[in-house]
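Reader: I should like to examine a structure through a short series of questions. Please show me the sequence and the model before we begin.

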Amino acid sequence: MSSSTWILLAATGDPEQTGAAWSPYLVGALIGVLSWFTFLISNKPLGASSAYARVSGMIGKAIAPRHTMSLKYFQDNKPKVDWEVMLVVGVIVGAVIAAWTGNELVARWVPPMWEERFGGAIAPRLIVAFVGGALMAVGARLAGGCTSGHGISGAMQLSVSSWIALIGFFVGGMITAMLLFNT
Amino acid sequence: MSEAQQDMPPLTDTNKTRQLLWGLLFGIIFGFLLQKGGVAKYHVLIGVLLLRDFTVIKVMLSAILVGMIGIFALQRAGMVKLHLKPTRYLANSVGGIIFGIGFALAAYCPGTGAAALGQGNLDALGVVAGMIIGSFLFAEMSGWIGRNVNPIGERGELTWPQLLHLPTLPVTIAFATIILSVLISLKVAER
């Protein structure tokens, strides 16, 4: 297995040089169909960000149980392994399978586009990724969801909240990305 | 238990353990699709924010279009219930913008970040750690936000048909037409 891994890695196209392996229209349509089944079978929309909040609550509960459970958010959303946590774990597994079968599996700390602009050092990239993650978590909890929960699932249900949040995602994101990369 | 079951659409699996496994299975399919769609990649995700690469738009709008048609058909047939996040004008917009700033810094969003990690973009570990700490920071503020931010422009569960006082079907058709037009324009513009 390890030798085949090596061959796969060695033979790959670099995923950061290529775009979508499958038609993005087809992939989007299939995600739409997947949503039908999550509604039908699990009575739930696709959504990713709340999984991180559950894990956060579980860690908090292990370290400072009384304080963690005094917080309103964790009283309303009990820290536990739930459907969304399993979904996000599944996403990691599914992406491994997709990258493996598509010869796009890598092990890399700094994406080439970042490296070209900010250099190849790992620490700055990780710090910015961490700060970005923290802001996304605060923003998603405040808005009520992320790119999946609002951007796809909420938007398809014609929820007003989701279209407002989705516009916010792109407004905040485009301004920040252009400040970072357009010089 | 029986009351909870009555509240559920007909095909919902009520077994809790099996439901977790369904979550895992749906996640595997979702992650597989995200990676194949190219949206686990740094340059594709930053590319959309710089208006250089429209892969993300194609994936999202196609998902919204197909999902919307199916969900409203199934809802009409009484087979699914909608799950709407409350509309709160201030929280949705400010939260959305904060999320967007974080998204540009991270490049991976919560779902695509998990997919990026699976693909081997290890910088996504920084995003995952940030998401976990950020969630706790939000929880620290959640009481105050609940009292002071959420009530501003609070409208509860609200859909476009409700807001516009129009029946669901024509609004769905209008959204489908607009989304389809954007998708076709993108396709034509690339030629």
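Reader: What percentage of the 191 residues of chain B count as buried?
Author: The model is a predicted one. A residue is buried if 20 or more other C-beta atoms lie within 10 Å of its own. Of the 191 residues of chain B, the share that counts as buried is 48%.

Reader: Which pattern does chain B follow along its sequence?
Author: Chain B is made up of nine helices and two strands. Its C-alpha atoms fill a box of roughly 50 × 45 × 40 Å along the principal axes. Read along the sequence, the pattern of chain B is α-α-α-α-β-α-α-α-β-α-α.

Reader: Is B:Gly153 buried, partly exposed or exposed?
Author: B:Gly153 sits in the loop between helix 7 (124–148) and strand 2 (154–156) of chain B. Leaving aside neighbours within four places in sequence, B:Gly153 is in contact with B:Arg88, B:Tyr89 and B:Leu90. Because B:Gly153 has 14 C-beta neighbours inside 10 Å, this residue counts as partly exposed.

Reader: How far apart in space are B:Gly153 and B:Tyr108?
Author: In sequence, B:Gly153 and B:Tyr108 are 45 residues apart. From C-alpha to C-alpha, the distance between B:Gly153 and B:Tyr108 is 30 Å.

Reader: How do the residues of the side of chain A that touches chain B divide into nonpolar, polar and charged?
Author: The contact takes 117 residues from chain A and 114 residues from chain B. Among the elements that give two or more residues to the side of chain A are helix 2 (24–42), helix 8 (122–143) and helix 10 (160–181) of chain A. The residues of that side divide into 77 nonpolar, 32 polar and eight charged.

Reader: Is helix 6 of chain A parallel, perpendicular or oblique to helix 2 of chain B, and why?
Author: The axes of helix 6 (residues 83–101) of chain A and helix 2 (residues 16–36) of chain B come within 5 Å and cross at roughly 40°. Angles under 35 degrees count as roughly parallel, and 65 to 115 as roughly perpendicular. The crossing angle therefore makes helix 6 of chain A, relative to helix 2 of chain B, oblique.

Reader: What is the handedness of that crossing, and how do the residues of the contact divide?
Author: Helix 6 of chain A passes helix 2 of chain B in a crossing that is right-handed. The residues of this helix contact divide into 21 nonpolar, seven polar and two charged.

Reader: Which residues have the most contacts inside the largest nonpolar core?
Author: The largest nonpolar core has 105 residues. Those with the most contacts inside this core are A:Val91, A:Ala95, A:Met136, B:Phe30, B:Leu45 and B:Ile64.

Conventions
Residues numbered from 1 in each chain as written. Chains lettered and ligands numbered in written order. Predicted model: local features only at pLDDT ≥ 70, side-chain atom pairs only at ≥ 80, totals over all residues. Axes fitted to C-alpha atoms, helices over the stretch in contact; angles between N-to-C directions. Helix = DSSP H or I, 4+ residues; strand = E, 2+ residues; numbered from the N terminus. Parallel < 35°, antiparallel > 145°, perpendicular 65-115°, else oblique. Left-handed = near helix turned anticlockwise from the far one by under 90°. Nonpolar A, V, L, I, M, F, W, Y, C, P; charged D, E, K, R; others polar. Contact = placed C-beta atoms within 7 Å. Core = buried A, V, L, I, M, F, W, Y, C linked by C-beta atoms within 7 Å. Buried ≥ 20, exposed ≤ 12 C-beta atoms within 10 Å, placed from the backbone.
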